[in-house]
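Biologist: I should like to go through this model with you, one site at a time. Please give the reasoning behind each reply.

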Amino acid sequence: MRLRGLPLAYLTLLSVFVLLPTISAQGVGESSPLGSGDAAWLSYQPVRSETVFPGGVPDTVVQLGVSLLEDSSAKELAAGWRGMLQHEPRVIHADVGDGRKVVLGTQREIELWSTHASATKSLAHDAFRIYRDKNALVIEGGDDRGVLYGTFALLREIAEQHSTANLDQSSTPWAAIRWTNEWDNPNGTIERGYAGPSIFFEGGKVRADLSRAAAYARLLSSVGIDGCTINNVNADLSLLRPENLREIARIADVFRPYGVRLSLSVDMSSPEVLGGLKTFDPLDPVVATWWKAKVDEIYAVIPDFGGVVIKADSEGRVGPSKYGRTQSDAANVVARALKSHGGVVMYRGFVYNNHLDWHDLKADRARAGYDTFHPLDGKFDDNVIVQIKNGPIDFQVREPVSPLLAGLPKTNEAIELQVTQEYTGQQRHLVYLVPMWKETLDTDMRGSAAAAPLPVKLLVSGRATGTEQHSEGGFVGVSNVGTDGWLGNPLALANLYGFGRLAWNPNLEAATISDEWTRLTFGNDEQVRSTINKLQLDSWQIYESYTGPLGIGTLTDIVGAHFGPGIESAERNGWGQWIRADGHGVGMDRTVVTGTGYIGQYPAPLAATYESLATCPDDLLLFMHHVPYTYRLHSGLTVMQFIDNTHYWGAHAAAQQVPAWEALRGKLPDATYAEVLKRLKYQAGSAIVWRDAVTRWFTKQSGVPDALGRVNHYPNRIEAESMKLSDYTIVDVNPWETTSGGKAVICDRPECKAETTWDGPDGWYDVAVQYFDLLHGHSQFTLTIAGHNVGHWTADDTLPGDTPNGSTSTRRSLDRVAIHHGDLIQVTGWPDGTEKAPLDYLSIAPAARTGIVVNGIR
Ligand code: GCW
């Protein structure tokens with residue numbers, strides 16, 4: 001047998017030689033993919049200056065005021081000029097002459113500088129206007145923070161290579177509160193953080209080197225974020241100790257030049273645990289005095305302290321219920337201590353019972369927020385803002401809007417969005433979340449069909465018409481950045497960028513935001529832009545397709561890492577993320593007529609849409625209704641066929657992301673290119689694990705076979721347990737659906753082998769070894785074909801978990817390997833500690849690629 005004129009044996013050798021460099025390393029490394037790229041989207045790459053400044057590049061920056069923020073503005077302009085225009089401007093404080101210049105100042109300062117400018121209508125706090133005044137490009141701020149935001153807006157215009165010849169742009173932030181929450185712990189870990197350790201804490205203390213914290217504040221302010229809560233909402237009480245507050249003040253110091261106010265998460269029991277009082281009853285005057293003294297102490301060291309975030313009566317945190325008090329009692333006692341200093345309480349609406357009785361068909365975790373807070377509407381002080389997650393459960397891949405957002409007409413409210421991808425692939429899967437957030441923000445919560453539209457974005461603006469809302473409101477993004485390139489995955493930074501941009505202006509389109517981010521990060525190359533924008537904009541739908549469709553929830557392991565598939569983990573426990581899947585049907589009946597009544601918490605028009613099967617959108621069907629597997633969707637497919645089809649489509653689409661990205665080789669920084677490629681390849685493999693787990697589980701549960709015959713038939717797969725095993729032993733895997741065949745093999749000896757003889761035809765094949773890479777241990781593997789070593793690797797990724805399952809399942813892929821009939825294929829494993837070189841299967845499929853497919857996602 002000869003292929004392309006060469007003997008196959010020779011080709012095998014050749015392929016080993018040629019293919020080795022293309023073998024994909026699919027672990028996600030620990031080191032920063034950005035290296036010195038802390039700048040992220042402030043990369044300031046060269047632009048065509050004659051396009052941006054047709055009349056010539058301004059060579060002078062006139063900084064009219066003296067303030068920390070105007071200093072930062074001038075410094076930032078200089079950095080932008082150096083990077084993008086290759087020009088070092090001089091920065092002066094008094095205007096001289098008519099030369100080309102950028103003038104920056106607050107409205108008052110600008111009025112003193114030029115009579116022309118006084119025509120500008122009054123600018124609000126944080127607002128800015130950028131415009132031409134003869135030879136000057138003017139950045140005018142409502143205050144000095146507005147000057148800084150205007151500066152970043154101008155730099156954005158330049159980075160996008162827009163002409164500034166006729167620039168006239170005014171912008172006012174949508175809402176006052178634009179904060180991130182960071183779930184950092186003093187020991188340097190981050191709850192639900194996926195990018196290495198904390199930039200704030202280390203070993204129980206504030207880090208000595210806070211340069212990353214300063215760089216972070218700069219990034220935040222560049223998109224208009226004005227507040228950052230630096231510690232976990234599951235708060236470590238010790239942070240309020242005087243010696244720790246003094247250290248935390250150092251973080252506030254590095255935030256200040258960028259106009260970012262520091263805030264802290266605090267625990268309601270602090271007066272008792274930290275203060276030594278006998279109680280933390282919010283209505284006890286001694287407790288109020290304690291909070292007042294503590295807050296005064298904070299302001300003594302952090303004069304611009306923003307306020308506190310409180311998680312109470314939730315997931316094991318204590319709260320006012322201990323004393324029969326309400327959430328408003330708790331919020332107000334702290335709010336009163338903050339009031340005279342101008343601080344706010346962000347009181348989380350995430351209050352629910354995690355010991356619900358799953359036997360009770362009327363019990364419903366989704367109801368909890370509204371049931372708890374709606375009766376308290378109007379009882380919160382005016383410096384309390386109720387912080388409400390976008391959906392009623394917990395950051396699932398798709399949820400309906402939280403009804404509580406419409407249930408507090410007399411209360412300040414902020415929406416909490418999750419930038420860190422807890423339930424959406426933990427930054428190992430690409431999911432651009434802006435389209436999802438936009439859907440929520442645009443959802444109309446009007447009270448009656450006749451009323452004016454009341455989108456969520458208006459409810460959180462602090463100025464909703466038709467409500468008696470107070471004046472504060474806003475956006476909180478749970479960001480959880482770490483030292484590993486901020487979010488680990490370079491492409492995930494579009495979510496942080498997008499959160500900030502939406503908080504500033506929720507009317508921006510998801511595509512616009514993606515394009516801005518791409519241009520700012522990678523420059524203006526057309527192919528780079530179109531490829532990355534498409535990847536980003538398709539990504540949520542792809543991820544949803546191979547995880548939890550139809551509003552069922554993400555279907556991840558909810559009692560574990562929230563990462564891999566773990567379908568039944570949702571059921572039969574107190575956490576209340578039930579999917580209520582039995583032999584006949586699936587979904588939570590949340591209707592008013594027969595279900596938990598949750599739908600009745602929505603304003604009437606929306607409730608009517610969800611209550612009726614005829615109008616409930618397919619993508620929320622299983623959140624709202626329990627239906628048989630044979631129920632036909634609006635699309636005409638049955639629920640079961642939809643589940644099968646969508647999972648196969650999703651895994652296919654995830655695989656297509658890889659060649660789409662590969663087409664950008666050479667157009668991006670090498671480290672960024674390689675890091676994203678590694679993650680996309682991992683995702684492609686993981687999407688198959690998800691696809692198989694979900695489809696197999698539902699096929700078994702429903703008894704309805706896949707009409708297209710795909711589920712449980714994997715023609716290219718050789719199960720490890722069916723191979724000839726030397727020293728490997730067969731084990732059951734839990735949950736069963738996360739491995740092929742429900743079984744894996746593990747090695748309890750120093751070395752084990754699994755082998756098979758190829759009984760297919762001679763040819764070129766794509767080979768994948770599906771194995772498990774546990775958090776601890778560095779097992780090693782070798783794959784040999786006909787005696788030739790075609791791959792050797794170490795299982796050194798840090799996937800979340802120490803047992804073989806869908807969270808730790810991963811693959812080693814080799815493209816275009818020559819195999820001939822009768823070749824011996826062997827996998828050798830060397831265990832390391834508790835990681836026993838576990839294997840699931842081999843996949844040997846006819847080689848797919850003859851060339852590179854560009855943008856072949858759909
Ligand atoms: O999503 C859940 C997370 C918890 C988190 C909690 C919350 C900080 O799994 O890790 O705790 O929500 O938002 O309070």
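Biologist: Is Gln427 buried or exposed?

Modeller: This is a predicted model, and in it Gln427 lies in the loop between strand E17 (412–418) and helix H12 (434–442). The cut-off for a buried residue is under 20% relative accessible area. Because the relative accessible area of Gln427 is 0%, the residue is classed as buried.

Biologist: Which residues is Gln427 in contact with, leaving aside its neighbours within four places in sequence?

Modeller: Contact here requires heavy atoms within 4.5 Å. With neighbours within four places in sequence left aside, the partners of Gln427 are Tyr194, Thr420, Gln421, Leu487, Asn489, Ala492 and Arg679.

Biologist: Why is Val694 classed as buried?

Modeller: Val694 has its place in helix H20. Beyond its neighbours within four places in sequence, Val694 is in contact with Tyr546, Thr547, Leu555, Ile567, Ile643 and His647. Val694 is classed as buried because its relative accessible area is 0%.

Biologist: Which residues touch the most other members of the largest nonpolar core?

Modeller: In soluble globular proteins, nonpolar side chains tend to be buried together. The largest nonpolar core here has 188 residues, and those touching the most other members are Trp41, Trp661 and Phe698. Helix H20 (residues 670–702) supplies the largest share of this core, namely 11 residues.

Biologist: How many residues are in the second, separate core?

Modeller: Among the members of this second core are Ala754, Val767, Tyr771 and Ile785. The core is separate from the largest one, and its count is 28 residues.

Biologist: Turning to the ligand, how many charged residues does the shell around the ligand have?

Modeller: Of the 14 residues around the ligand, those that come nearest are Glu191, Lys311, Lys389, Asp394 and Glu422. By class, the shell has 3 nonpolar and 3 polar residues, and its charged residues number 8.

Biologist: What percentage of the area that the ligand exposes when taken alone does the protein bury?

Modeller: Three polar side chains may be considered beforehand: a polar side-chain atom of Arg348 lies 2.7 Å from an oxygen atom of the ligand, and one of Arg192 lies 2.9 Å from an oxygen atom of the ligand. For Asn234, an N or O atom of the side chain is 3.2 Å from a ligand oxygen atom. Taken alone, the ligand exposes 330 Å², and the part of this that the protein buries is 98%.

Methods
Residues numbered from 1 in each chain as written. Predicted model: local features only at pLDDT ≥ 70, side-chain atom pairs only at ≥ 80, totals over all residues. Heavy atoms only, no water. Core = buried A, V, L, I, M, F, W, Y, C linked by side-chain atoms within 4.5 Å. Buried < 20%, exposed > 50% of the residue type's maximum accessible area, 1.4 Å probe, protein only. Helix = DSSP H or I, 4+ residues; strand = E, 2+ residues; numbered from the N terminus. Near = heavy atom within 4 Å. Polar contact = N/O pair within 3.5 Å; in protein donor to acceptor, adjacent residues only side chain to side chain. Areas by Shrake-Rupley, 256 points an atom, 1.4 Å probe, with all protein chains shown as cover. Nonpolar A, V, L, I, M, F, W, Y, C, P; charged D, E, K, R; others polar.
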